[in-house]
Amino acid sequence: MENNRNFFITIALSVLILTVWQVFYMNPKIESQRETARIEQERTAAEQGQAATNNAGAAGEAPGLPGSATPGLPAAASPAGEAPAAAAAAASPRLTIDTPSLSGSISLVGGRIDDVRLKRYHETVDDRSPEIQLLNPPDKPHGYFAEVGFIGQPDAGALPGADTLWTAEGNQTLTPTTPVVLTFTNDKGLTFRRTIAVDQSYMFTISDTVANAGDKPAALHNYGRVMRFDKPTTASIYVLHEGLIGVTGEEGLQEIDYSDVEEAKQIKPGKSTDGWLGITDKYWAVALVPSGQQAFQPGYAYFDDNGRPRYRADFVTDAIDVAPGASATVETRVFAGAKEVGTIQAYENDQKIRQFDLLIDWGWFYFITKPMFYLIDWLYKALGNFGLAILATTVVVKAIFFPLANKSYKSMANMKKVQPKMLEIREKYADDKMKQQQAMMELYKTEKINPLAGCWPVLIQIPVFFALYKVLYVTIEMRHAPFFGWIQDLAAPDPTSVFNLFGLLPYTVPAFLLIGVWPLIMGVTMFLQMRMNPTPPDPTQAMIFNWMPVIFTFMLASFPAGLVIYWAWNNFLSIVQQGVIMKRQGAKIELWDNLIGLFKKKPTPAE
C-alpha cells in the first residue's frame, strides 16, 4: 500500500533526523572554533605566563605509589613576550629534537619530553600558519608533557624525577639516527644512564640502565606519566572521545572523559603486564607504552589544588631489584604525535602494542568504519583526491547493495502498478478498517509485493552515513583535505552561504545561515528523489515530505562538506537507478507530474 510505504519511509527519515540532531548536534564547526581559540590563547600565553608559573610547583604529585617520594616540577618563570617554546628553552638546558615529523626540545630538568611541534601539520589550511604545538613545558598555561623516572625507599638516595638535572653526553641533537644519552649519579652509588631514541614518525624510546656501585641492594619502581594542564577549550562531542585513554589488564580499552576523572579524582584499573595509556585529542595523542618486563599499576587522576587543573595518566611498575655490583635496564616508549591510521597500525603490528589502533576512536561500528576508511584511502591513492575517493566509494557501496536496492525498487514499481486495485479496496471497505487491511494483505500476497521493501534503501544508507561521518570526523587524513573549487577542507562545512550570495555581498552570515552550494545541491537532489513517488494522499505525510529536503539542507549545512557531497551524489545515483528500474517495470515515473503539479492551482473544497 502506497500510504504504508510512504509512512514507513517517513518514520525512517524522521528517526534519522532525530538521531543525527541528537548525536551530531555538536558539529564540525567546533573544530574551527577550537583552532581559533587555540591560536588566540597562544597569543595571550605570555601575559598569563607569570600567573601560571606561580602554580607550577604544585604539579609534582606522586605517580601513585604509596609511601613514595614525590617528584616536583620546576617552577621556572618565562620572560614576558616570548613564545612558549622559546621561553622553555631559556628556562632550562635542553637538547634539540629534529626529525622529518617533529621538532622541539627535551628538558634536561626531569628529562622531560615537553616541547614538541608537528612539522607536517598546521593550525589552518594555510601552510604558512603555525605548526601544531603538541607539548609545552609545565610552567606554560598549556603545559603538557611526558616524563619517565624512578621512585623508591629513602635509603636508595635521590632518584631521577621531575626536578632532577641530567647531564648530556656527546650528541646534543636527537634525530632518528642519533640518539641522545643522559646520565645521573646519586649519593648512594646508583648511576642512571638514559638513552633517548626516536623514529621517523612519533615514537620515542627511553632506555634507562641503572648500575649499583653501592654496597646495598636497591629496589626501584619505574614510573611514567603524561600530564596535561588544560583540556580542549570547546565542549566534547558524543561521536568522539577526547580525554584519558588506555588499554591495560583485563579491562581492555578504557575511555575516561575529562568530566569523569574530575568527579572521581583518581581511577585505578587492575595491574597489567602489557598495553598503553595516555591522553588523546581528536587528531593528536600522547601515550606511554611500558616495557612489560614488570607488571605495572596504571592510573588516571585529576588535581585542582591552587586553582590550576591538571590531568594525568600514569603507571608505576613493580619493584626492580638491583643488587650491589649489578645493573638493570628498563625501557619505556612514548608516542607523541598525529593519529595517522597507517602509522598507528604499524606500531601495533611491528612493535606488538596491544590494540594500539584503538587510539583512533573508530566507534562501536568500527567493523564498518575502519574498512570504509581503508576503501577511501585506497581510492585516494589511486585518484589523488579525497573528494573523488568519496564519490567512488559511494559507487562501490551502491554496487554492493545493488541487488537489494533493485529488489526494493522493483517492489515499489509493482506497488505503483496495482495502485488502482488498492484504491478500489479503500473505497469498498472505507467503513471497515479491519476488512480493508485483510484485503490489502491478500493483494500483497497475490501480487508478491512487500509493502516494506521501499524502506530498505533508506535503512541501508543510515549505517553507511554514520560510518562515513565518523571517518571524516576522526581521521586526520581527512583534515584539511581539499576537493575542488571552494572546498579546501572536506572535514569542515561548506564555507559559502546563499544568504550573502556565496560571498558576493560584503557581510558575514551567522553560523546557522551558512547554507552553502553543496548543501543546496544535496537538498535539490533529495527533493527530486522524493518526487519520484506519488504525492501521499495524507496531508500530514505530504507536508513532511515537502519539508524534509528543507530540514535536511539546513541540518547538513553544518556537517563536513565531504559528507554532504556523498549524500548529494548518492541521491543522484538513486534517482537514476530508481528511474531505470521503474521504466523497465512499466511503472509510471511521477517526477515530472509532481514537479508540474507544484505550479498548478489546487482546487478549493467548493470546486
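Which residue in S20 does Ala211 stand opposite? Keep that question in mind while you load the structure, which is a predicted model rather than an experimental one, and begin the tour at the sheet.

**Stop one: the sheet**

Select the strands of the open sheet, of which there are 9, and follow them in the order S6-S8-S9-S10-S20-S16-S15-S12-S13, noting that the pairing is antiparallel. At the edges you will find strand S6, residues 167-169, and strand S13, residues 252-257; each has a single partner strand, so one side of each is left without a neighbour in the sheet. As you step across the sheet, the twist from one strand to the next averages 20°. As background for what you are looking at, strands of a sheet pair through backbone hydrogen bonds, in either a parallel or an antiparallel fashion.

**Stop two: strand S10 and its two partners**

Now select residues 203-212, which make up strand S10, together with residues 190-198, which make up strand S9; the two run antiparallel and are joined by 9 bridges. S9 and S10 form a hairpin, and 4 residues lie between them. To see the register of this pairing, display Phe192, whose bridge partner in S10 is Val210, and then Thr191, whose bridge partner in S10 is Ala211.

Keep Ala211 selected and add strand S20, residues 327-338, which runs antiparallel to S10 and is joined to it by 9 bridges. Here the opening question is settled, since the residue of S20 that stands opposite Ala211 is Ser327. Ala211 can therefore be viewed with Thr191 as its bridge partner and, in S20, with Ser327 opposite. If you colour S10 by accessibility, you should find the strand mostly covered, with 7 of its 10 residues buried.

**Stop three: helices H6 and H7**

Leave the sheet and select residues 366-383, helix H6, with residues 386-400, helix H7; their axes come within 8 Å and cross at roughly 125°. H6 and H7 are therefore described as oblique to each other, and their crossing is right-handed. To display the contact, show Met372, Leu375, Ile376, Asp377, Leu379, Tyr380 and Leu383 from H6, which meet Phe386, Leu388, Ala389, Ala392, Thr393, Val396 and Val397 from H7. Sorted by class, the residues in this contact comprise 12 nonpolar, 1 polar and 1 charged.

**Stop four: helices H12 and H14**

For the last stop, select helix H12, residues 517-530, and within that helix pick out Met526. Is Met526 buried or exposed? Its relative accessible area is 4%, which is under the 20% cut-off, and so Met526 is buried. Measuring in the viewer from the C-alpha atom of Met526 to that of Thr553, 27 residues apart along the chain, should give a separation of 9.1 Å.

Next add helix H14, residues 561-584, which packs with H12 at an angle of about 25°, the axes being 8 Å apart. H12 and H14 are therefore roughly parallel to each other, and H12 passes H14 in a left-handed crossing. Met526 takes part in this contact, among the H12 residues that meet H14; partners on the H14 side include Val564, Trp567, Asn571, Phe572 and Ile575. By class, the contact of H12 with H14 has 12 nonpolar and 4 polar residues, and no charged residues.

Terms used:
Residues numbered from 1 in each chain as written. Predicted model: local features only at pLDDT ≥ 70, side-chain atom pairs only at ≥ 80, totals over all residues. Heavy atoms only, no water. Pairing = 2+ DSSP bridges. Axes fitted to C-alpha atoms, helices over the stretch in contact; angles between N-to-C directions. Parallel < 35°, antiparallel > 145°, perpendicular 65-115°, else oblique. Left-handed = near helix turned anticlockwise from the far one by under 90°. Contact = heavy atoms within 4.5 Å. Nonpolar A, V, L, I, M, F, W, Y, C, P; charged D, E, K, R; others polar. Buried < 20%, exposed > 50% of the residue type's maximum accessible area, 1.4 Å probe, protein only.
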